[in-house]
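Here are some short exercises to help you read a protein structure step by step. Try each task before you look at its solution.

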Amino acid sequence: MLTVRLVLTGVFLISVLTKLRTREAFGEFTTAVRRLGGLPTGLGTPAAVAVVAVEAGTVVMLAAPGLGGDGRPGLLLAGGVLLGFAVVLATALRRGTTGPCRCLGGSDEPIGRRHVARNVVLVACAVAGAAATSATGGTPVAAPAAALCLLGASVAVGAVVLLDDLLHLLR
């Protein structure tokens with residue numbers, strides 16, 4: 001459960017930070033939100049701000065499970081947000097929308113089924129983590145186990161964030 005929380009926290013944190021790192025990065029994300037969501041020009045910025053705010057709130061809920069009891073609320077929030085992202089991406093693909101998503105940084109790769117699949121896998125992780133947390137009652141983790149969870153989560157976050165680059169290397 002800790003590993004899942006750490007992976008989701010890392011993914012959402014990197015997502016927020018890469019969107020807010022520069023004004024240009026946020027502008028590119030705003031354009032992507034408008035394009036992917038099929039929104040009118042005037043709604044791009046409010047929608048982008050809302051996405052970043054929800055992602056930041058998700059980071060807080062995941063990183064500080066005491067705010068939500070045993071951590072389940074943060075995991076369920078993450079799963080819901082990621083499911084929403086998967087639906088938006090799948091809908092955009094069905095409409096024939098192309099271009100980068102700017103979801104996790106500055107990748108210029110156009111959206112594809114791999115992005116939908118990535119989000120669905122993360123949704124499954126969030127749901128499994130919430131179910132397991134419920135079953136174990138949020139049992140504390142010993143320091144050595146927590147260190148292993150952090151190491152594993154770091155590798156997983158890197159794989160998620162660098163998905164496009166990794167796939168490009170494998171082609």
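**Exercise 1: A residue in its surroundings**

N119 is buried, with a relative accessible area of 4%. The model you are looking at is predicted.

*Task.* Find which helix N119 is found in, and explain why N119 is called buried.

*Solution.* Step 1: locate the residue; N119 is part of helix α5. Step 2: recall that buried means under 20% relative accessible area. Step 3: compare; N119 has a relative accessible area of 4%, so N119 counts as buried. Step 4: look at the neighbours. Leaving out residues up to four places away in sequence, N119 touches L82, F85, A86 and L89.

**Exercise 2: Buried or exposed?**

*Task.* Decide how G84 should be classed by its accessibility.

*Solution.* Step 1: place the residue; G84 sits in helix α4. Step 2: use the cut-offs, with buried under 20%, exposed over 50% and partly exposed in between. Step 3: since the relative accessibility of G84 is 31%, G84 counts as partly exposed. Step 4: check a distance as well. G84 and V123 are 39 residues apart in sequence, and their C-alpha atoms are 9.8 Å apart in space.

**Exercise 3: Exploring the largest nonpolar core**

*Task.* Which residues of the largest nonpolar core touch the most other members, and which element gives the most to this core?

*Solution.* Step 1: start with a general idea. In soluble globular proteins, nonpolar side chains tend to be buried together. Step 2: turn to this model, where the largest nonpolar core has 27 residues, and L8, V11, F12 and L122 touch the most other members. Step 3: list the elements that give two or more residues to this core: α1 (2-20), α3 (44-63), α4 (72-95), α5 (113-136) and α6 (143-161). The most comes from α4, with 8 residues. Step 4: zoom in on L122, which touches V7, L8, V11, L82 and V160, not counting residues up to four places away in sequence. Step 5: look elsewhere too. Another core lies apart from this one; it has 6 residues, among them V16, F26, F29 and A48.

**Exercise 4: Describing helix pairs**

*Task.* How are α3 and α4, α1 and α2, and α1 and α4 oriented to each other?

*Solution.* Step 1: choose what to look for. Two packed helices are described by the angle between their axes and the distance between the axes.

Step 2: take α3 and α4. Their axes come within 8 Å and cross at roughly 150°. Angles over 145 degrees count as roughly antiparallel, so α3 is roughly antiparallel to α4. The crossing of α3 past α4 is left-handed. Residues in this contact include V51, V54 and M61 in α3 and L77, A78 and V81 in α4. By class, the contact of α3 with α4 has 10 nonpolar, 3 polar and 1 charged residues.

Step 3: take α1 and helix α2 (residues 23-37). Here the axes come within 6 Å and cross at roughly 110°. Because 65 to 115 degrees counts as roughly perpendicular, α1 is roughly perpendicular to α2. In this pair, T18, K19 and L20 in α1 meet A25, F26 and F29 in α2. The contact of α1 with α2 divides into 4 nonpolar, 1 polar and 1 charged residues.

Step 4: finish with α1 and α4. They pack at an angle of about 50°, with their axes 11 Å apart. The two helices α1 and α4 are therefore oblique to each other. The contact is made by V4, R5, L8 and F12 of α1 and L75, A78, V81, L82 and F85 of α4. By class, the contact of α1 with α4 has 8 nonpolar, no polar and 1 charged residues.

Notes: Residues are numbered from 1 along each chain as its sequence is written. This is a predicted model: local features need pLDDT of at least 70, side-chain atom pairs count only at pLDDT 80 or more; totals for chains, interfaces and linings use all residues. Side-chain values use heavy atoms; hydrogens and water are left out. A nonpolar core is a set of buried Ala, Val, Leu, Ile, Met, Phe, Trp, Tyr and Cys residues joined through side-chain atoms within 4.5 Å. Buried means under 20% relative accessible area, exposed over 50%, partly exposed in between (1.4 Å probe, protein chains only). Helices (H or I, at least four residues) and strands (E, at least two) are DSSP runs, numbered from the N terminus. Contact means heavy atoms within 4.5 Å. Axes are lines fitted to C-alpha atoms, for helices over the stretch in contact, and angles run from 0 to 180 degrees between N-to-C directions. Angles under 35 degrees count as roughly parallel, over 145 as roughly antiparallel, 65 to 115 as roughly perpendicular and the rest as oblique. A crossing is left-handed if the near helix is turned anticlockwise from the far one by less than a right angle, and right-handed if clockwise. Ala, Val, Leu, Ile, Met, Phe, Trp, Tyr, Cys and Pro count as nonpolar, Asp, Glu, Lys and Arg as charged, and the others, Gly among them, as polar.
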